Amino acid sequence: MKETRTGQKDAYEMILEAIDTGLYRPGDRLVESELAERFGVSRTPIREALQRLETQSMLTRDGRSLIVASLDHNQMADLYVVRTELEGLAARLAARHATPEEARVLRDMVEEDRGLIGNPEALARANRRFHKQIHLASHNRYLVQQLDLVHRSMALLATTSLAVDGRGAEAIAEHDAIVTAIEAGDGATAHKALSNHISKAFVTRLKIDATKDS
């Protein structure tokens, strides 16, 4: 029984990570046999993981097939409203509770990520790590759990706003302002800086969608 639970957990996490990193994108069909071969596990934990992901609305049905879900405009807008509020709260709490070491890690991330400008995929991965570090620095486990759910849904957006020309440099500058506020223990400024950062990312994403529709 223990092996089954472990196998299910591993399969679930591996599929979720594959979606999060863009290996599987919205609209891609997931096939049990192919997933089992790719991840080196039996089809039973794969099947259970797919059922779990479908329940969580990460996957949807297309006839008899399961495909990676996508978000329509209204769903994306709703997601960003929630993300803006929760991320802003995380920054406020991080300014209060982050240890000196956690603040140094955030500062180091900003400096290292400057070298990724011009590489949207690498910058997107670094961006996820940066935001996760802020979540952890809030020292509020319930907030971290909720933000994990929000960021899981972010994987259902087909493109990253960091792919837009100039957005990478802007995002790093915004990260810098967020960290400066956290270092200063200024919760109100940290909250505003991170909320503005998410709002600008949303506006950029709207421009991406408008370009696709034109």
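## A tour of the fold and one helix pair

Start with the whole chain coloured by secondary structure: read along the sequence, the pattern is α-β-α-α-β-β-α-α-α-α-α-α. That makes nine helices and three strands in the protein. The model is a predicted one.

Stay with the full view and look at the overall dimensions. The C-alpha trace spans about 50 × 50 × 30 Å along its principal axes. The radius of gyration is 18 Å, close to the 17 Å that the globule rule gives for 214 residues, so the protein is as compact as a globular protein of that length.

Next, switch on a surface or colour by accessibility. Of the 214 residues, 43% count as buried. If you display contacts instead, take those between residues at least 6 apart in sequence: 75% of these join residues at least 24 apart.

Now select residues 120-137, which are helix 6, and residues 141-154, which are helix 7. How do these two helices pack? Their axes lie 9 Å apart, at an angle of about 160°. Angles over 145 degrees count as roughly antiparallel, and helix 6 and helix 7 are therefore roughly antiparallel to each other. Turn the view to look through one helix at the other; the crossing of helix 6 and helix 7 is right-handed.

Finally, show side chains where the pair touches. On helix 6, select His131, Lys132, His135 and Leu136; on helix 7, select Val144, Leu147, Asp148 and His151, which they meet. Colour this contact by residue class: it has three nonpolar, three polar and two charged residues.

Methods
Residues numbered from 1 in each chain as written. Predicted model: local features only at pLDDT ≥ 70, side-chain atom pairs only at ≥ 80, totals over all residues. Heavy atoms only, no water. Axes fitted to C-alpha atoms, helices over the stretch in contact; angles between N-to-C directions. Helix = DSSP H or I, 4+ residues; strand = E, 2+ residues; numbered from the N terminus. Parallel < 35°, antiparallel > 145°, perpendicular 65-115°, else oblique. Left-handed = near helix turned anticlockwise from the far one by under 90°. Contact = heavy atoms within 4.5 Å. Nonpolar A, V, L, I, M, F, W, Y, C, P; charged D, E, K, R; others polar. Rg over C-alpha atoms; globule rule 2.2 N^0.38 Å. Buried < 20%, exposed > 50% of the residue type's maximum accessible area, 1.4 Å probe, protein only.
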